[in-house]
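Got your viewer open and a selection box ready? Let's take a walk through this structure, one stop at a time.

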Amino acid sequence: MKSAIEVLDAFENIRRAQRAGVYAPHKPLLILLAMARVQRGEPRLVAFMDIDEPLKQLLAEFGPSSAAKSRHYPFWHLATDGSGALWELSGPREVLKRPAGATPSLTELRVHRIRGGFPIDIDDALRRVPGLLQAVASRVLDTYFPLTLQGDIVASLGLDLNGQREVREAMPLTTVDAIGQRRHRNPGFRERVLRAYEYRCCVCGFDLRIGLTPAGLEAAHIQWHHVGGPDIEPNGLSLCSLHHKLFDLGAFTVEPSEHRVVFSQHAISGGRGIAGELQFHGRAIHPPQHADLLPAPEFLAWNLKNVFKAPARQAVPATARAAR
Ligand SMILES: [Zn+2]
């Protein structure tokens with residue numbers, strides 16, 4: 001059985017492989033899904049076909065538009081990350097001996113009943129060391145997903161993250177420090193972004209204060225902070241809690257020429273469509289108080305590619321926009 005530190009290190013290696021600016025939720029969502037299975041006491045290896053559906057749903061909900069189509073990639077490629085320290089495959093030899101680049105199709109994975117899971121030593125440690133699974137899962141969440149989405153991902157998976165403290169207390173201080181530092185942010189970012197937008201949501205204008213303190217107002221990173229997005233105003237938007245979450249889910253983005261809000265075709269808003277959320281589709285954001293503070297095109301392009309759930313809703317003609 002591996003020690004807690006060895007297991008944390010093994011997972012740390014996939015993080016190091018992540019290139020700045022490139023965001024792919026596939027591997028972390030597969031890992032979290034596998035952890036939820038371990039936590040429920042299910043067998044170590046699972047047939048791809050048995051997790052195909054939940055994986056598809058997770059990627060559709062928390063990934064960019066086309067993520068679900070390549071959902072079988074991590075199941076295959078995770079086995080070659082870190083020389084197979086993290087993931088093990090089982091199935092017919094003629095399939096498993098393929099070169100790493102020759103990813104089997106979804107059908108092949110199903111037909112050959114390819115199974116995958118954590119290697120025995122890691123699986124064992126995750127099941128036996130109190131709090132280790134929660135510590136690793138929390139680290140994976142922090143590495144890949146913004147805080148706004150973490151709670152929903154955990155709930156979708158049915159993961160229980162309580163009990164994390166025990167293992168952190170048992171770990172050497174250096175490791176705990178490393179965990180603490182992941183969340184290091186420039187504390188001035190929130191204040192500067194909110195000030196730029198004069199303390200209101202740039203989408204809906206929400207500006208409630210409790211006394212002198214803005215309430216339910218947040219500074220969102222356009223390019224996520226944990227994938228290299230800088231703490232500067234042109235990478236920030238002042239959003240109410242609701243619009244921050246919708247933005248991080250890819251329900252809408254902001255286009256770079258006139259800074260209009262563009263909703264996704266995947267975002268549906270029943271009877272409240274016109275009066276509700278979708279009323280903001282096609283409207284320009286409330287601009288920041290200085291043109292230098294406007295969202296920069298490179299960060300908006302990152303958001304469009306990596307977070308927004310394409311395709312966009314139809315553009316609103318300028319005449320119709322003026323009339324609203
Ligand atoms: Zn808002």
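Each stop below tells you what to select and what you'll find there.

**The whole chain**

Start with everything switched on. You're looking at a predicted model. The protein chain has 15 helices and nine strands. Of its 324 residues, 34% are buried. Now think about contacts between residues with a separation of 6 or more: 74% of them join residues 24 or more positions apart.

**Colour by confidence**

Next, colour the chain by pLDDT. The mean is 86, and 85% of the residues reach 70 or more. Where is confidence lowest, and where is it highest? The low point is helix H11 (residues 173-182), with a mean of 43, while E7 tops the chain at 98. Select residues 172-183 and you'll have a stretch where pLDDT stays under 50. The model gives that stretch eight contacts beyond four places in sequence. Go easy here: where pLDDT is low, the predicted coordinates should not be read in detail.

**The largest nonpolar core**

Now select Val 7, Leu 86, Leu 132, Val 136 and Val 140. These have the most contacts inside the largest nonpolar core, which has 38 residues. Helices H1 (4-17), H2 (26-39), H3 (48-62), H4 (73-77), H7 (120-128) and H8 (132-144) each give two or more residues to this core. Which of them gives the most? That's H8, with eight residues. Apart from this core lies another one of 27 residues, including Cys 201, Leu 217, Leu 239 and Val 261. As a general point, nonpolar side chains tend to be buried together in soluble globular proteins.

**Tyr 144**

Stay on H8 and pick Tyr 144, which belongs to this helix. Is Tyr 144 buried or exposed? It counts as buried because 26 other C-beta atoms lie within 10 Å, and the cut-off is 20 or more. Add Pro 25 and Pro 28 to your selection: Tyr 144 touches both. Try a distance label from Tyr 144 to Pro 25, C-alpha to C-alpha: they are 7.0 Å apart in space, yet 119 residues apart in sequence.

**A three-stranded sheet**

Select strands E1, E2 and E3. They form an open sheet in the order E1-E3-E2, with antiparallel pairing. E1 (46-47) and E2 (88-90) are the edge strands, each with a single partner, so one side of each has no neighbour in the sheet. Zoom in on E2 and E3 (residues 115-117), and you'll find three bridges joining them. Glu 88 stands opposite Gly 117 in E3.

**Helix H12, two sides**

Jump to helix H12 (residues 188-196). Val 193, Leu 194 and Ala 196 are buried here. Why are they on the same side of H12? They cover an arc of only 155 degrees around the axis, which puts them there together. Spin to the other side and you'll meet Gly 188 and Glu 191, both exposed. Among what covers the buried residues of H12 are strands E5 (213-214), E6 (217-221) and E7 (236-240). After H12 comes Glu 198, with a positive phi near 55 degrees.

**Last stop: strand E6**

Finish on E6, where five of its five residues are buried. Leu 217, Ala 219 and His 221 point one way, and Glu 218 and Ala 220 point the other. That fits a general pattern: in a regular strand the side chains alternate between the two faces of the sheet. E6 is joined to E7 by five bridges, and the two run antiparallel. For a final click, choose Ala 220 and look across to Leu 237 in E7, which stands opposite.

Methods: Residues numbered from 1 in each chain as written. Predicted model: local features only at pLDDT ≥ 70, side-chain atom pairs only at ≥ 80, totals over all residues. Pairing = 2+ DSSP bridges. Helix = DSSP H or I, 4+ residues; strand = E, 2+ residues; numbered from the N terminus. Buried ≥ 20, exposed ≤ 12 C-beta atoms within 10 Å, placed from the backbone. Arc of directions from axis to C-beta. Contact = placed C-beta atoms within 7 Å. Core = buried A, V, L, I, M, F, W, Y, C linked by C-beta atoms within 7 Å. pLDDT = per-residue confidence, 0-100.
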